[in-house]
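Subject: Structure handover

Hi,

Here is the structure you asked for. My notes on it follow below.

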Amino acid sequence: MLKLKSLNYSTILVLRTLNLFCALNLNLELIKPVIKLANVILTAQPDFCEVMLIYKIITGTKMKATLYALKPDKPWDDRGTGDVSISYVDRLKGKCLLVRSESDDSLLLEIKIQPDTTYRKQEDTLIVWPGEDEFDLALSFQEKEKCDEIWEQISEVQKKNHSVEITQDTVEKSKSERLVVLPFELPSCEISNLEDINKLFEKHLAFLVMRINSNSSIIETSYLRKLINVFHMCEDLNDIEGLHHLYNIFKKIFMIKDNALLEAMLSDELIFGVVGCLEYDPSSSTQNHYREDLKQQAMFRENIPIKNAELLSKIHLTFRAQYILDVVLSRSSSWVKGLLSAFISNNKIHILLLIQEDAKFLTELFTMLTDMNTLDSNRRDLLLFLKEFCHYSQSIDCLTRETFYKTLTSFEVLAALEITLAMNDQKVKTASIDVLTYIVDFSPTVIREYILDQANNTVEDKTLLNIIVEQMICDNDSQLDGAVLLMDILRILLDPENMFSSVNESHKTDFLNLFYKHSVQILIAPLMESTTHDEPQREDSRSAQHLGLILELLSFCVNHHTDYIKNFILDNDLLRRVLVLMKSKHKFLVLCALRFMRKLIALKDEVFNRYIIEGNHFAPVVDAFVQNKGRYNMLDSAIIEMFEFINVKDIKILCSHVVETYGKSFDNICYVRTFNALKQERNVTENNSAQKSTINSNDVSRPRVVIRRIQSQFFKRFQYRPSNITKRAKFHGVLLNTGQKTYEIILEIGNGQITLTSINLRYRTIQLTKINNAIHTENRIYLYFGNNYKFELTFVLEKHQLQQAFTLLEPMIQGRSDQIHPTPPHSE
């Protein structure tokens, strides 16, 4: 390795040696030591561009380019092709741009890079700059990478940023306009000249591609017509060679950055001739049939006459350009695809703007879509027309798209989709889902606001939200593509993260209330129907896929709106119904049911934990695990992962329940440590509880019952079990002590006394007979016990339970207050 202190001298030596070897064109085998040394230098100092350049030339990576010169008002002159390099020239006392001919190694160009010379990089492969004696010079590279390397070196010499495409701030307009002058004179259009025309396009393609700052077309339309006439003559004569030349000529014309030229080729007059030329691909053994396909596809039906000639013309041009891009030139270079894509995108923007401005056309369109007397075939065509323009909007900027969708919304596009979504025509339904997807992807708030407005003015089951849910669960397609898309739409609409409170403070609450009050029952109807017994009732593939989508959406709801889904699950005993699907023959559905339960456990919610224990909801999971018999599959892994989660997250109440109830089922499971860890955790918990009980029993001075004031939240009742409607009532619930532990409380009222029991801490029953005060609000009772027990207890109850509890409590209250407090005062 070279030492750093001698690197500069060594670099100069290697540079001069490489220059010499390059000039002598020596065999690589003879100069391997020098190349190895150059490698070392480039590793240590990669900024030595001279070494890099000569090293690449020697090792075969050459910077080939064609040199052109231009005098004012004259065509470009081809000065030859050669290898490009940038090197320091002692005679000119600076770094120079050198071009050495590939044919005889003569020097085609040697020019010093001046700091104030304006260099331009154009179309990725061209570098243009003003030369001496009123000449403009240009280098046309064969590869973009080589052009980029030389451009970076020029920028470095001029101390400019190589990421811009011009090295100076200004450039003379006249010089840039010279670039549109053709570097050749086109021969006359005759069969005998087709080869020459093709060669001219081949040789000067780089300058045809570099089309800038001109309103006139490079190639006149009349010349294109003549080429098409020659094509018909070649086809009549079956001149295959001439047809191949025409294919290459028109393929190169498509590479020219000239919108006027593209519009001419896509016009009614020339389109089929141009596409006909492109049927004769020299690389294909058979002729394509683009003209026939285009004629069959280009049947443009106007259910609503388009009177705007400009709009009609843009529609036809865009369709034809899209066909050529997707079919005819699908295997062409990225440059051609980029030009066509840009042309199509500009046309789409123009089309959308023209449609938005035509209020009469839009009014007629949506009137026909919503009119019940419109024929289904006409409605289908109108909807496909609308879908096409919504698809156009995906390729335009956000501001234009927003204006477009606002215009559609103002013309009641959602009212039209309500009708078309419910139609039996599969094409209409698919198109309706696509349009709805475009709108919801751009602005779900618009759809939510429309649905909320409907809730006050429409019958419940006819709202757009319910129509979406019904179409999802009733999709008859074998692949359920529509159902999957509708499920995604519902997920976006129900996602709280895109419910911006800045628009409307109650937007989120109102929409979720509407969904859980009027729509979720429709959603779970197939699930409830299939799980009325201990085994699934419908096991066909389509029903199973529907149930899988429903469970996926319910799992999403568990993750994103816990409070709403909690009440719904408890009221409908939904988990028990879902776990019936653990016996399904469809393994993916079994995993969906298991994933739903796993989402509930992941919440680590005490209410859900108690619900799972009292409902014995681990039983179907353990049965499925035992029946799987240790087979290494997704079901086995998913069940083990769920129990592992319970252990790792230290959910003691579930851990104890699993070990006590199902411990024997896991005795023989040795290939994972999960179940042994559960048992160990349970033993540790029991030992700690036993030690605490011993300490408490030995403490003689400790009172039998100590109740401290607990500031807590009591969530919705876990279970309500009336013993005697008239005389006694028992209320179960969970009381959260925010500072310490969670208590399960039973409040039993009757026989002139209140019984308060805390189960899981093994407290004795506390009989409380004196109540200082009881206050009830819309759905809560607040109890204040006096004398020895200064205690506040809050219960959240249903309306009928609230009235019953307060009626039973009333005779036992020493001092009453009917005052309703939003937040009750705490006793001191």
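Start with serine 432. At 0% relative accessibility, serine 432 counts as buried, because the cut-off for buried is under 20%. Serine 432 belongs to helix H19, which covers residues 426-442. Beyond its neighbours within four places in sequence, serine 432 is in contact with Leu383, Leu417, Thr420 and Leu421.

Please keep in mind that this is a predicted model.

**Overall**

The protein chain has 33 helices and 16 strands. Of its 828 residues, 48% count as buried. Take the contacts in the chain with a separation of 6 or more: residues 24 or more positions apart account for 62% of them.

**Nonpolar cores**

In soluble globular proteins, nonpolar side chains tend to be buried together. Here the largest nonpolar core holds 128 residues. Which of its residues touch the most other members? They are Leu554, Leu574, Ile601, Phe618 and Phe643. A second, separate core has 46 residues, including Ile228, Cys234, Leu325 and Ile344.

Leucine 574 is worth a look in the viewer. Leaving aside neighbours within four places in sequence, leucine 574 is in contact with Ile524, Leu527, Met528, Leu554, Phe568, Ile569, Phe596 and Tyr611.

**Helix H25 and what follows**

Helix H25 runs over residues 562-572. Its buried residues are Ile565, Lys566, Phe568, Ile569 and Leu570. What covers them? The cover includes helix H23 (507-530), helix H24 (541-560), helix H26 (574-579), helix H27 (587-602) and helix H28 (606-614).

Most residues other than glycine have a negative phi. Two residues to check against that are aspartate 573 and lysine 604.

- Aspartate 573 comes just after H25, in the loop between H25 and H26. Its phi is positive, about 45°, although it is not a glycine. Aspartate 573 counts as partly exposed because its relative accessibility is 27%.
- Lysine 604 sits in the loop between H27 and H28. Its phi is positive, about 55°, and lysine 604 is not a glycine either. Lysine 604 counts as partly exposed because its relative accessibility is 45%.

**Aromatic rings**

The structure holds 17 aromatic pairs. One of them joins phenylalanine 389 and tyrosine 392. The pair is edge-to-face, at 5.4 Å centre to centre and 90° between the planes. Both residues lie in helix H16 (residues 376-392). They are three residues apart, about one turn of the helix. An α-helix has 3.6 residues a turn, so residues three or four places apart point the same way. Are phenylalanine 389 and tyrosine 392 buried or exposed? Both are buried.

Ring pairs also link Phe618, Phe625, Phe643, Phe666 and Phe675 into a cluster. Phe618 and Phe643 appear again from the core: they are among the residues that touch the most other members there.

Charges sit over rings in these places:

- Lysine 295 lies over the face of phenylalanine 272, at 5.3 Å from the ring centre.
- Arginine 598 lies over the face of phenylalanine 645, at 4.0 Å from the ring centre.

**Cavities**

How many cavities of 30 Å³ or more does a search of the whole structure find? It finds four. The second largest has a volume of about 50 Å³. Its lining is Ile355, Phe361, Leu362, Leu365, Phe385, Leu386, Phe389, Phe404 and Leu408. Three elements give two or more residues to that lining: helix H15 (359-370), H16 and helix H17 (398-410). Phe389, from the edge-to-face pair, is one of the lining residues.

**Glutamine 356**

Glutamine 356 is found in helix H14 (residues 334-357). Glutamine 356 is buried because its relative accessible area is 18%, and the cut-off is under 20%. Leaving aside neighbours within four places in sequence, glutamine 356 is in contact with Leu362, Thr400, Thr403, Phe404 and Thr407. Of these contacts, Leu362 and Phe404 are among the residues that line the second largest cavity.

Best wishes

Technical notes
Residues numbered from 1 in each chain as written. Predicted model: local features only at pLDDT ≥ 70, side-chain atom pairs only at ≥ 80, totals over all residues. Heavy atoms only, no water. Phe/Tyr/Trp six-rings, centres within 6.5 Å; stacked < 30°, edge-to-face > 60°. Helix = DSSP H or I, 4+ residues; strand = E, 2+ residues; numbered from the N terminus. Buried < 20%, exposed > 50% of the residue type's maximum accessible area, 1.4 Å probe, protein only. Lys NZ or Arg CZ within 6 Å of the ring centre and 35° of its normal. Contact = heavy atoms within 4.5 Å. Core = buried A, V, L, I, M, F, W, Y, C linked by side-chain atoms within 4.5 Å. 1 Å grid on protein atoms, 1.4 Å probe; cavity = no way out; pocket = protein on both sides within 12 Å on 5 of 7 lines; lining within 4 Å. Points joined across faces, edges and corners; volume = space filled by probe spheres on them.
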